[in-house]
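Reader: I'm new to reading structures, and I'd like to go through one with you. Could you take my questions one at a time?

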Amino acid sequence: MSNSFERIYAVVRCIPTGKVATYGQIARLAGLGRGARVVGYALFQITPGSDVPWQRVVNAQGEISESPHRQGNDDYQRILLKSEGIIFDEAGRIDLTEYRWQPDVAQCAKFASLT
DNA sequence: AAGTTGACTATTT
DNA sequence: AAAATAGCCAACT
């Protein structure tokens, strides 16, 4: 596993239940700057059984990003999020102004040395 | 070693 | 408002 991926996973693992984060947000926290795409690539390799809550990562529009290779799993992701208390609007989007995760260094000391 | 690729994002049509 | 364009960064081939 590449080091960058480890950092990304570390950040994602810190997203509390009931909250979501955007790819760009995670990229920045992981020290990747604008490498939002790398975050997506990292999540692509996550296998079921991993302790990384990949379902809490959505795109900047509050919508679930899907891929030609992952299609079918978007429904699964939506179900997981709903079970965590996240509400989807009519368009199937999440209200980021309410559910967007706001990193708290006190809760996640791992970031202290990354940012 | 160099080119391609992608769970992105912001900008421009 | 939806679709195409252009930057971005690291992994993969």
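Reader: How do the residues of the surface near DNA strand C divide into nonpolar, polar and charged?

Author: Keep in mind that we're looking at a predicted model. The residues around DNA strand C are Ser2, Ser4, Phe5, Leu32, Arg34, Gly35, Arg37, Val38, Tyr41 and Gln45. Gly counts as polar here, so Gly35 goes in with the polar group. That surface splits into four nonpolar, four polar and two charged residues.

Reader: Which helix gives the most to the surface near DNA strand C?

Author: Two helices are worth checking, as H1 and H3 each supply at least two residues there. With three residues, the one that gives the most is H3.

Reader: What share of the atoms of DNA strand C within 4 Å of the protein is sugar and phosphate?

Author: Bases do come into play here, as a polar side-chain atom of Arg37 sits 2.6 Å from a base oxygen of DNA strand C. For the atoms of DNA strand C that come within 4 Å of the protein, though, the sugar and phosphate share is 71%.

Reader: OK, on to the other strand. How many residues does H3 give to the surface near DNA strand B?

Author: In total, 13 residues surround DNA strand B, and the closest are Arg37, Leu43, Asn59, Ala60 and Ser67. Helix H2 (23–29) and helix H3 (36–44) each bring at least two residues to that surface. H3 gives the most, and its count is five.

Reader: How many residues of the surface near DNA strand B are charged?

Author: Sugar and phosphate make up 46% of the atoms of DNA strand B that come within 4 Å of the protein. On the protein side, the surface has six nonpolar and six polar residues, and the number of charged ones is one.

Reader: Which residue has a polar backbone atom 3.2 Å from a phosphate oxygen of DNA strand B?

Author: Let's set aside two contacts to bases. A polar backbone atom of Leu43 is 3.4 Å from a base nitrogen of DNA strand B, and a backbone N or O atom of Phe44 is also 3.4 Å from a base nitrogen of that strand. The phosphate oxygen, at 3.2 Å, is matched with Tyr23.

Reader: Now for salt bridges. How far apart are the closest N and O atoms of Asp51 and Arg13?

Author: Side chains of opposite charge can pair when their charged atoms come close. Asp51 is in the loop between H3 and strand E2 (57–58), while Arg13 is in helix H1 (residues 3–13), 38 residues away. Asp51 is exposed, at 54% relative accessible area, and Arg13 is partly exposed, at 32%. The closest N and O atoms of the two are 2.9 Å apart.

Reader: Are Arg56 and Glu84 buried or exposed?

Author: These two form a salt bridge, with their closest N and O atoms 3.0 Å apart. Arg56 lies in the loop between H3 and E2 and Glu84 in the loop between helix H4 (73–83) and helix H5 (96–99), so the pair ties together parts 28 residues apart in sequence. Glu84 has a relative accessibility of 18%, and buried means under 20%. Both Arg56 and Glu84 are buried.

Reader: Beyond its neighbours within four places in sequence, which residues is Glu84 in contact with?

Author: We've already met one of them, its salt-bridge partner Arg56. Put together, the residues are Thr17, Gly18, Gln55 and Arg56.

Reader: Which residue forms a salt bridge with Asp75?

Author: Look three residues along in helix H4, which means about one helical turn from Asp75. Asp75 is partly exposed at 38%, and its partner is partly exposed too, at 25%. Their closest N and O atoms are 2.6 Å apart, and the partner is Arg78.

Reader: Last one: which residues do ring pairs link into a cluster?

Author: The structure has four aromatic pairs. In one of them, Phe5 and Tyr41 are tilted, 6.4 Å centre to centre with 55 degrees between the planes, and they sit 36 residues apart, in helix H1 and helix H3. Phe5 is buried at 9%, whereas Tyr41 is exposed at 54%. The cluster consists of Phe5, Tyr9, Tyr41 and Phe44.

Notes:
Residues numbered from 1 in each chain as written. Chains lettered and ligands numbered in written order. Predicted model: local features only at pLDDT ≥ 70, side-chain atom pairs only at ≥ 80, totals over all residues. Heavy atoms only, no water. Near = heavy atom within 4 Å. Polar contact = N/O pair within 3.5 Å; in protein donor to acceptor, adjacent residues only side chain to side chain. Helix = DSSP H or I, 4+ residues; strand = E, 2+ residues; numbered from the N terminus. Salt bridge = Lys/Arg side-chain N within 4 Å of Asp/Glu carboxyl O. Buried < 20%, exposed > 50% of the residue type's maximum accessible area, 1.4 Å probe, protein only. Contact = heavy atoms within 4.5 Å. Phe/Tyr/Trp six-rings, centres within 6.5 Å; stacked < 30°, edge-to-face > 60°.
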